[in-house]
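Me: I am new to this structure and would like a close look at a single part of it. Please start with one buried charged residue and work outward from there to the empty spaces in the model.

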Amino acid sequence: MIPILYRDDTLLVVDKPAGLLTHRTELAPDSDVAMMRARDTIGARVWPLHRLDRGTSGALAFGLNEQAARSWQEQLEAGSIEKIYVALVRGVAPEAVALDYPVPRSEGGERVPARTLLRRLWAGEHCSLVEARPETGRFHQIRRHLSHLRHPIAGDSNYGTGWFNRAIRQRTPLARLGLHCLSLAFPRPRGTCTVVAPLPADFAQALIALGAPEALVADLSGDTISA
């Protein structure tokens with residue numbers, strides 16, 4: 001089973017936990033993946049619309065039929081669906097920046113234009129919490145962009161920094177990638193619908209351990225968090 005955040009006739013949004021693949025691949029033929037959990041939870045086939053890395057938690061969308069999936073994917077490509085992430089990163093990130101930096105569309109592919117809007121939510125000692133709004137959907141886009149800015153995400157073994165990753169593991173309960181898809185906003189007949197995936201406990205408790213304001217953490221997690 002997997003928590004359902006939103007469902008209508010064509011779209012399902014679930015709250016993917018960290019440690020779970022979005023779907024099976026040839027290189028990772030896991031039988032327990034978010035796609036299968038979503039299918040089993042609602043008792044019907046689902047089609048993945050986008051992908052979250054294994055270590056990333058948060059809002060993950062599926063189409064509920066093949067035609068709807070194509071339509072939703074077209075809206076994703078057109079930028080009609082807004083995705084907002086939060087990331088724990090090394091150092092004091094810029095207050096706000098629009099980053100244009102080419103990255104591959106898919107693993108091993110050629111670099112193509114990619115754009116992410118970044119905003120710092122809080123800065124602590126040697127770390128920051130940032131909001132990331134990707135305007136394009138590329139392979140590891142947010143991870144690559146933050147690494148390019150020299151503010152890699154905590155727990156990122158591909159693009160991160162060893163000493164920072166070790167420090168976060170030692171000081172906090174966060175033992176995975178410090179990236180969470182906080183919300184998806186998409187058009188519906190009566191206006192824009194925004195679906196929020198509350199910050200998981202390990203991420204929230206890590207921020208508190210690092211000195212982040214409790215009000216900020218509570219706002220992101222939808223609850224009062226204690227250390």
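Reply: D15 is buried and has no salt bridge; R176, the nearest side chain of opposite charge, is 8.5 Å away. This is a predicted model, and what follows is computed from it. D15 belongs to strand β2. Apart from neighbours within four places in sequence, the residues in contact with D15 are I2, P3, L5, G58, A197 and P198.

Strand β2, which spans residues 11-16, also takes part in covering a helix: the buried residues of α1 are covered by elements that include β1 (4-7), β2, β3 (47-48) and β4 (57-63). Helix α1 itself runs over residues 34-42, and its buried residues are A34, M35, M36, A38, T41 and I42. Just after α1 comes G43, with a positive phi of about 70 degrees.

Two other residues have a positive phi, and neither is a glycine. H126 has a phi near 65 degrees, positive although the residue is not glycine. H126 sits in the loop that links β9 (115-123) to β10 (127-134). For R150, too, phi is near 65 degrees, again a positive value outside glycine. The loop that holds R150 lies between α3 (141-148) and α4 (162-171). R150 counts as exposed because its relative accessibility is 64%, whereas D15 is buried.

Now to the empty spaces. Rolling a probe the size of a water molecule over the atoms shows where empty space is left. Over the whole structure, the search finds two cavities of 30 Å³ or more.

The largest cavity has a volume of about 60 Å³. Its lining consists of L11, L49, H50, A61, W72, L76, I81, K83, L184 and F186. At least two of the lining residues come from α2, and at least two from β11 (179-188). By class, the lining of the largest cavity has eight nonpolar residues, one polar and one charged.

The second largest cavity holds about 30 Å³ of space. Around this second cavity are A93, P94, V97, L118, R119, R120, V130, L146 and L149. Strand β9 contributes the most to this lining, with three residues. Seven residues of the lining are nonpolar, none is polar and two are charged.

There is also a pocket to consider. The largest pocket contains about 880 Å³ of space. It is lined by 31 residues, and those closest to the centre are H50, K83, T136, G137 and R138. The elements that supply two or more residues to this lining are α2 (66-78), β5 (82-90), β10 and α3. Of these, α2 has the largest share, with four residues. The lining of the largest pocket divides into 11 nonpolar, nine polar and 11 charged residues.

Some names come up in both places. H50 and K83 are among the residues closest to the centre of the largest pocket, and H50 and K83 also line the largest cavity. Helix α2 likewise gives residues to the lining of the pocket and to that of the largest cavity. Strand β10, which follows the loop with H126, is one of the elements that give two or more residues to the pocket lining. Helix α3, which comes before the loop with R150, is another of those elements.

Notes: Residues numbered from 1 in each chain as written. Predicted model: local features only at pLDDT ≥ 70, side-chain atom pairs only at ≥ 80, totals over all residues. Heavy atoms only, no water. Buried < 20%, exposed > 50% of the residue type's maximum accessible area, 1.4 Å probe, protein only. 1 Å grid on protein atoms, 1.4 Å probe; cavity = no way out; pocket = protein on both sides within 12 Å on 5 of 7 lines; lining within 4 Å. Points joined across faces, edges and corners; volume = space filled by probe spheres on them. Nonpolar A, V, L, I, M, F, W, Y, C, P; charged D, E, K, R; others polar. Contact = heavy atoms within 4.5 Å. Lys, Arg positive; Asp, Glu negative; His and termini not counted. Salt bridge = Lys/Arg side-chain N within 4 Å of Asp/Glu carboxyl O.
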